[in-house]
Amino acid sequence: MQRAREWLREASSVAALTGAGISAESGIPTFRGAGGLWREFRAEDLATPEAFARDPRLVWEWYDWRRGLIAHAEPNAGHRALVELAQRVERFTLITQNVDGLHDRAGSRDVLKVHGDIWMVRCTACGRQTRDDRVPLPELPPHCECGGLLRPGVVWFGEPLPDNVWREAERATRQAEVFLVIGTAAVVYPAAGLVPLAKAAGAKVIEINLDETPYSAQVDCSLRGRAGELLPEVIA
Ligand code: BJW
Ligand code: ZN
């Protein structure tokens with residue numbers, strides 16, 4: 001912990017990659033592990049273009065349920081610690097796999113959302129993207145003004161990440177002197193690949209997670225515990 005604190009204090013360039021674990025203390029279920037199920041489905045069953053093609057209503061019911069949870073949740077001490085860190089470091093980039101928008105609501109700016117945003121919808125017919133904050137949605141599945149079926153503005157398995165966002169995430173990772181990996185199982189690629197990329201580019205990598213991950217043995221400092229408790233301590 002002490003070493004990690006010093007690295008962060010001395011660094012002029014820091015990047016952080018967050019996952020579902022940072023929002024767990026806000027009451028948002030994670031994808032994997034305890035509480036990672038919705039009805040009898042796993043994320044891998046629902047977060048795919050195939051699942052949506054087969055049963056758009058079922059997939060939308062899952063998203064509508066999650067949008068309701070998120071709308072009633074508040075950012076926690078972990079989200080807030082990253083806002084504070086950004087104010088102190090010369091160059092700070094926040095990369096998140098989360099679609100919940102809690103980093104924005106905590107006050108983080110220019111968040112790189114590599115898996116999209118649950119509050120955005122995109123028309124599968126005309127391609128129009130809009131924000132829709134309504135909870136619950138009045139119609140499931142929702143439709144566009146053009147009559148086309150709307151889909152959530154998120155990245156499903158087998159789909160490419162938004163190009164510009166991903167390029168920025170890679171660039172920030174290569175430049176980082178310190179790279180924080182927070183609350184992610186680090187099993188979904190290409191996002192998880194940012195961890196070895198940071199390491200190869202010479203960053204000190206600090207992991208914060210309740211459990212071990214595939215990268216725990218390779219990082220420079222692995223802190224075990226809750227993000228909402230450890231992050232405020234490590235930036236202190
Ligand atoms: C705490 C805590 C607390 C809890 N404090 N910690 C075989 C090998 C390698 C790759 C592949 C492969 N087969 C297929 C692939 C590719 C695939 C992939 O990676 N699959 C693996 C699962 C095998 N990847 C893709 O398909 C990606 N696209 C792609 O590769 O495109 C290629 C392409 C190029 C060109 C054209 C076409 C295609 C896309 C991946 C999209 C992932 N999408 C989702 C859904 C987003 C929308 C939504 O939210 O519904 O993203 S899946 C889901 O997993 C979501 C998450 O962002 C993502 C990562 O999950 P995360 O954040 O790690 O959460 P959990 O729940 O897994 O972990 C929580 C962690 O927190 C745990 O470790 C806890 O211990 C910890 N924790 N409480 C601290 N309080
Ligand atoms: Zn349309």
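Here are some questions and answers about a predicted model and the ligand it holds.

User: Which residues are the closest to ligand 1?
Analyst: Let's start with the surroundings: 36 residues surround ligand 1. Being counted here takes a heavy atom within 4 Å of the ligand. The closest ones are Arg32, Tyr63, Arg66, Gly158 and Asn209.

User: How far is a polar side-chain atom of Arg66 from an oxygen atom of ligand 1?
Analyst: Arg66 is on the list of closest residues. Here it is a polar atom of the side chain that faces an oxygen atom of ligand 1. The distance between the two is 2.6 Å.

User: Which residues have a polar backbone atom 2.6 Å or 2.9 Å from an oxygen atom of ligand 1?
Analyst: This time we look at the backbone rather than side chains. At 2.6 Å from a ligand oxygen there is a polar backbone atom of Gly158. At 2.9 Å the backbone partner belongs to Ala185. So, using the polar contact cut-off of 3.5 Å, the two names are Gly158 and Ala185.

User: How much of the accessible area of ligand 1 does the protein cover?
Analyst: On its own, ligand 1 has 1,500 Å² of accessible area. The ligand sits in the largest pocket. The share covered by the protein is 74%.

User: Which helix gives the largest share of the shell around ligand 1?
Analyst: Two helices, α2 (21-24) and α5 (56-71), each supply at least two residues of the shell. The largest share is 3 residues. That share comes from α5.

User: How many residues of each class does the shell around ligand 1 have?
Analyst: Sort the shell into nonpolar, polar and charged residues. Remember that Gly is counted as polar here. The shell then has 20 nonpolar, 10 polar and 6 charged residues.

User: Why does ligand 1 lie between two domains, and which ones are they?
Analyst: One domain covers 2-28 + 75-115 + 161-234, and the other covers 29-72 + 117-154. Both give residues to the shell around the ligand, so it lies between them. They are domain 1 and domain 2.

User: What does the side chain of Glu159 contact?
Analyst: Glu159 is in the loop between β6 (150-154) and α8 (163-175). Its side chain has a polar atom 2.8 Å from the backbone nitrogen of Trp156. It also makes a polar contact of 2.8 Å with the side chain of Arg151. The partners are Trp156 and Arg151.

User: Where are the cis peptide bonds that join Pro136 and Pro190 to their partners?
Analyst: Pro136 is in the loop between β5 (129-131) and β6, and omega for its cis bond is about -10°. Pro190 lies in the loop between β7 (178-182) and α9 (194-200), with omega about 5°. The bonds are Val135 to Pro136 and Tyr189 to Pro190.

Technical notes
Residues are numbered from 1 along each chain as its sequence is written. Chains are lettered from A and ligands numbered from 1 in the order in which they are written. This is a predicted model: local features need pLDDT of at least 70, side-chain atom pairs count only at pLDDT 80 or more; totals for chains, interfaces and linings use all residues. Side-chain values use heavy atoms; hydrogens and water are left out. A polar contact is a pair of N or O atoms within 3.5 Å; within protein, one must be able to donate a hydrogen and the other to accept it, and residues adjacent in sequence count only if both atoms are side-chain atoms. Accessible areas come from the Shrake-Rupley method with a 1.4 Å probe; for residues, only the protein chains shown count as cover. On a 1 Å grid over the protein atoms alone, a cavity is a set of points where a 1.4 Å probe fits but cannot get out, and a pocket is an open set with protein on both sides within 12 Å along at least five of seven lines; lining residues have an atom within 4 Å of a point. A molecule sits in a cavity or pocket if more than half of its atoms lie within 2 Å of its grid points. Helices (H or I, at least four residues) and strands (E, at least two) are DSSP runs, numbered from the N terminus. Domain bounds come from an automatic or database domain assignment.
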